[in-house]
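Here's a walk through some helix packing and the empty spaces in this protein. Have the model open and follow along.

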Amino acid sequence: MRARIVGGKTVPEAPEADDRDLALDFAKGILIVLVIFGHLIQYIFYEGDGFWDSTCFKSIYMFHMPLFMAISGYLSRSGLLGKSFRQAIGDRALQLLVPTLFWCTLLEAVKLLMFPRPPDAPGNLLQFMHDFVGTYWFIWAAFASFLLVKLISIFNSGSARSLLVSSILVAVAPVTFSIFPLIKYTYPFFCMGFSFAQSRDWWTSIMRYHKPGLMMSASIAASLCFMAWREDTYVYNNLALIQDLQSAKDILLMFFGSTVASAVMIEILLQSWKIGRSNRVVRFIAVEVGQSTLVLYLVQATVFRLMDLIQYGEQWAPTMRSGAAGILGTMIIAVALAVRWSVRDIPYLSQIMLGTPPRLVRLPSNPANN
């Protein structure tokens with residue numbers, strides 16, 4: 001990063017816009033909106049019951065978290081290979097776990113102030129840890145995946161073979177405690193993204209000549225998996241635990257279906273960006289929403305966790321449910337973006353609430369400083 005001398009002090013300049021891949025920011029923006037919409041289906045349209053068979057819910061959940069994790073792995077390459085173990089893990093903890101701690105603390109404060117505590121409820125510390133891990137499970141899955149791949153890269157630079165072996169071992173591990181099934185499900189996709197970043201030139205050369213055929217095959221496979229997908233195919237229900245032949249089929253379908261669906265969706269998103277990148281709405285999704293995915297995830301997770309404690313919507317008509325979902329989804333996005341715009345230039349607050357250091361603004365050139 002370049003710097004400029006101001007008043008005798010060295011002030012780092014903001015990175016160029018080209019330092020970010022806006023196509024991936026656009027993809028992330030669409031994915032976080034789908035995360036919010038998926039929760040709205042679950043909490044508003046179905047009130048926490050019967051959503052497994054929803055066509056819309058299934059369409060989203062086949063790919064949104066796996067693809068999110070694959071993009072995270074892809075973008076983590078420089079952090080994994082360009083830093084020491086201590087620095088890489090420390091930076092990732094500051095980026096992910098510190099803001100998660102802030103939003104979980106806010107969640108617990110709201111719960112204590114607004115909701116009576118049942119007599120048989122677990123202790124405050126136990127409840128805090130339960131929410132800290134369970135409510136924000138994707139953050140922990142991303143951090144755990146980063147940690148595992150960093151450990152592998154220390155010994156053999158993260159070779160594709162080692163990553164494949166680790167993905168299989170993690171995926172079939174007979175552990176169902178807490179969020180471990182979700183880590184087992186998403187870790188292989190983090191490895192896929194990281195491996196793609198490692199061999200991007202090779203993949204680009206293959207796609208240059210075989211892209212139409214590969215995309216057609218992936219689309220057909222995704223459609224077939226969609227038709228076969230059922231309630232026990234979701235990781236929340238099968239826990240990525242092989243117990244018999246049927247559970248093995250469900251888990252295989254889950255991983256394969258998510259892989260091909262993610263491949264089709266990332267191609268659709270990248271082509272959508274390529275076609276519409278001059279459009280204001282498309283650029284807003286990339287620059288504002290796509291670059292706010294962490295705070296958007298944390299805000300929506302906090303909101304929907306609080307909704308578990310509220311009685312609502314038992315007699316709502318479909319029109320009222322649609323209206324409520326639209327209002328709530330818009331409010332979540334608006335609040336998250338407002339928080340980001342408000343604190344992104346404030347030291348410490350931006351780190352604590354957003355997981356990022358204050359935004360650095362490029363200073364005008366001054367011949368006296370050159």
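Is the crossing of H1 and H12 left-handed or right-handed? It's right-handed. Keep in mind that we're looking at a predicted model here.

**Two helix crossings**

Let's stay with H1 and H12 for a moment. Their axes come within 9 Å and cross at roughly 120°. An angle of 65 to 115 degrees would count as roughly perpendicular and one over 145 as roughly antiparallel, so H1 ends up oblique to H12. On the H1 side, the contact is made by Leu22, Ala23, Leu24, Phe26, Ala27 and Ile30, and H12 answers with Ile266, Leu269, Leu270, Ser272 and Trp273. Sort those residues by class and you get 10 nonpolar, one polar and no charged.

Now swing over to H7, which covers residues 137-156, and H9. The axes of these two come within 9 Å and cross at roughly 55°, and they are therefore oblique to each other. H7 passes H9 in a right-handed crossing. Among the H7 residues that meet H9 are Trp137, Ala141, Phe146 and Ile152, while the H9 side includes Leu182, Tyr187, Phe190 and Phe194. This contact has 14 nonpolar, two polar and no charged residues.

**The spaces**

A search of the whole structure turns up one cavity of 30 Å³ or more. It holds about 70 Å³ of space. Its lining is made by Tyr61, His64, Met65, Trp137, Leu182, Tyr185, Trp229, Tyr234, Val235 and Tyr236. Helices H3 (64-75), H9 (180-198) and H11 (235-238) each give two or more residues to that lining. You'll recognise Trp137 and Leu182 from the contact between H7 and H9.

Then there's the second largest pocket, with about 1800 Å³ of space. Its lining runs to 49 residues, and Met192, Phe196, Trp203, Ala263 and Ile266 lie nearest its centre. Helices that give two or more residues to this lining include H1 (22-45), H8 (160-172) and H10 (200-228). H12 gives the most, with 15 residues. Ile266 shows up elsewhere too, as one of the H12 residues in the contact with H1.

Here is how the two linings split by class:

| Lining | Nonpolar | Polar | Charged |
|---|---|---|---|
| Largest cavity | nine residues | one residue | no residues |
| Second largest pocket | 33 residues | nine residues | seven residues |

So where do charged residues turn up in the table? The second largest pocket has seven in its lining, whereas the lining of the largest cavity has no charged residues.

How values were computed: Residues numbered from 1 in each chain as written. Predicted model: local features only at pLDDT ≥ 70, side-chain atom pairs only at ≥ 80, totals over all residues. Heavy atoms only, no water. 1 Å grid on protein atoms, 1.4 Å probe; cavity = no way out; pocket = protein on both sides within 12 Å on 5 of 7 lines; lining within 4 Å. Points joined across faces, edges and corners; volume = space filled by probe spheres on them. Helix = DSSP H or I, 4+ residues; strand = E, 2+ residues; numbered from the N terminus. Nonpolar A, V, L, I, M, F, W, Y, C, P; charged D, E, K, R; others polar. Axes fitted to C-alpha atoms, helices over the stretch in contact; angles between N-to-C directions. Parallel < 35°, antiparallel > 145°, perpendicular 65-115°, else oblique. Left-handed = near helix turned anticlockwise from the far one by under 90°. Contact = heavy atoms within 4.5 Å.
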